[in-house]
Amino acid sequence: MFGQGLLKGLQVTWGRMLSKKQTVEYPDEHIEMFPRFHGRFELDVDKCIACGLCANACPNKVIQIEKEKVDKKQYLTRYMMRIEYCLFCGLCVESCNKDALKFSNVIDMNQYRRSWVRLTLVDRPAPEPTETPEEETSAKAAKDEAAAGSTPGKEG
Amino acid sequence: MKTETYTLNLGPQHPSTHGVFRIILELDGETVVKATPVPGYLHRGIEKLAEARTYTQVIPYTDRMDYMAAMLMNWGYVAAVEKLMGIEVPERVEYIRVIVGELSRIASHQIAIGAMGGDIGALTAFTYTFRDREYVIDLLEMVSGSRMTFSYFRIGGVAADLPDEFFPATRKLLNEIPAMCDEYDDLVTGNEIFQARTKQVGIITPEMGINYSLSGPTLRGSGVNYDLRKARPYSIYDRFDFEVPLGTNGDCFDRFRIRIDEIRQSKRIIEQALDQIPEGPIMAKVPKVIKPPAGDAYAEIESSKGVYGAYVVSDGSPKPYRVHFRRPSFINLGYLGELCEGWKLADVIAILASIDIVLGEVDC
């Protein structure tokens with residue numbers, strides 16, 4: 001009979017109409033991301049040794065690192081990612097030997113302006129070189145960490 | 001009565017051209033007299049970009065060719081580099097590659113089915129296949145972290161092992177796939193209007209298909225049994241029991257129908273792979289800096305659109321001297337101009353949809 005296929009199709013759509021909803025209302029509800037999700041980057045400043053392996057692994061030269069030598073050790077002063085060029089391939093995270101660079105599951109990275117997209121993970125001055133670095137640098141590092149923590153907030 | 005022909009420009013922004021594809025149609029009334037495809041609007045120069053990247057850094061760019069089945073695009077490239085370096089890939093990696101590759105094929109075919117329905121006017125098909133595709137993509141996201149451009153393959157292995165929750169989730173989805181395919185059949189394949197639009201339209205004869213070097217479902221729709229997974233088994237495809245769905249008439253309907261059947265076959269392959277997958281390392285012994293010996297290698301795989309090949313030339317440095325990709329969509333398009341001649345304007349949309357092109361791959 002001509003039209004049988006059409007009726008069968010209608011049966012499918014009617015059946016689906018009465019079944020459970022499969023979407024969520026996005027800005028109000030969020031679905032949970034998988035642990036490996038490639039979201040916004042996070043840098044653990046204490047673990048980072050400013051070796052630059054991540055910048056070398058990047059296919060698109062997204063990562064820009066500035067460092068200074070303080071007391072015979074490399075000190076990371078600035079870590080900037082040009083996220084507008086990022087492919088989110090994960091080669092930088094994979095290359096990090098110290099497990100400092102990671103993906104988070106933050107998906108909202110939209111900005112109103114292109115210039116705001118850049119992600120500055122660290123921006124801090126290098127500490128003064130000292131003879132007795134024990135107390136001073138640790139206090140300074142804590143202070144710098146607080147400053148670094150506040151910078152990404154400005155972006156997002 | 002003699003009438004003048006006129007020229008109609010279809011694309012590069014038309015939704016039924018699946019991207020920025022342009023086709024210039026010379027029409028006599030509604031009948032196509034001459035069709036001139038104009039690809040190139042999405043050309044990014046991936047082959048040239050690859051020359052300024054290290055071998056590993058090329059992988060994310062291959063994702064961006066056929067972004068509907070990015071896992072398979074990764075696979076062709078890494079297979080070529082592995083062939084060049086003579087790397088023996090561990091057993092477990094081969095199985096992981098088959099599983100994620102076939103999942104990618106399912107996701108790609110779901111788009112092909114939905115988009116063809118949508119182009120012809122059955123937009124419901126589009127929403128149904130896209131809904132189901134999200135579940136397949138969920139699995140791939142669980143493995144790789146991305147939903148579209150996975151960059152999951154590495155030279156000599158894969159980026160990470162399959163997570164534990166992947167296995168039950170995949171088996172659950174595989175159990176649902178037959179019902180999904182039946183739903184597509186009920187919704188679109190059996191629809192009389194859809195059949196009237198696609199049956200006996202845009203017929204590709206087996207001879208012409210072979211002459212124009214078509215491959216994939218576009219060729220198999222004409223009844224030519226040529227699937228690399230069977231004809232020249234690469235990786236471990238000789239260990240699986242599956243069939244190659246073939247069409248009989250070579251029309252748009254056959255090309256559409258065999259894609260649904262291929263989803264069913266992919267499901268069979270994944271099931272067998274999940275049963276057989278051994279424990280083991282997920283990376284072969286590969287040096288940190290990949291420097292293949294001077295020479296060249298060509299490897300090809302069966303992607304969702306056809307035979308996808310990668311040709312890599314090395315001069316011994318850490319960057320490839322030349323990379324070339326044989327993109328099946330582009331080669332399948334070669335016949336489009338001739339194929340459209342003599343058909344009505346509305347049939348051109350059906351024919352284009354049945355070839356299933358992805359512009360990222362056509363323009364590269």
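Okay, let's start with chain A and its contacts: take the ones between residues at least 6 apart in sequence, and 74% of those join residues at least 24 apart. Keep in mind that what we're looking at is a predicted model.

So what is chain A built from? Its secondary structure comes to 4 helices and 5 strands. If you walk along the sequence, you meet them in the pattern α-β-α-β-β-α-β-β-α. And how many residues does chain A have, and what share of them is buried? There are 156 residues, and 21% of them are buried.

Right, over to chain B, and a sheet I'd like you to find on the screen. Quick reminder for the newer folks: strands of a sheet pair through backbone hydrogen bonds, and they can do that parallel or antiparallel. Which one do we have here? This sheet is antiparallel, an open one with 3 strands in the order β6-β7-β8 of chain B. On the edges sit β6, residues 295–302, and β8, residues 322–326, of chain B, and each of those pairs on one side only. On average, neighbouring strands in this sheet are turned by 10 degrees against each other, if you ignore direction.

Let's zoom in on one pair. β6(B) and β7(B), the latter covering residues 307–314, run antiparallel and are joined by 8 bridges. Which residue in β7(B) is the bridge partner of B:Glu300? That's B:Gly309.

Last thing: what packs on this sheet? It's helix α3 of chain B, residues 70–85, which touches β6 and β7 of chain B. The direction of helix α3 makes about 145 degrees with that of β6(B).

Okay, that's me done. Over to you!

Conventions: Residues numbered from 1 in each chain as written. Chains lettered and ligands numbered in written order. Predicted model: local features only at pLDDT ≥ 70, side-chain atom pairs only at ≥ 80, totals over all residues. Pairing = 2+ DSSP bridges. Helix = DSSP H or I, 4+ residues; strand = E, 2+ residues; numbered from the N terminus. Axes fitted to C-alpha atoms, helices over the stretch in contact; angles between N-to-C directions. Contact = placed C-beta atoms within 7 Å. Buried ≥ 20, exposed ≤ 12 C-beta atoms within 10 Å, placed from the backbone.
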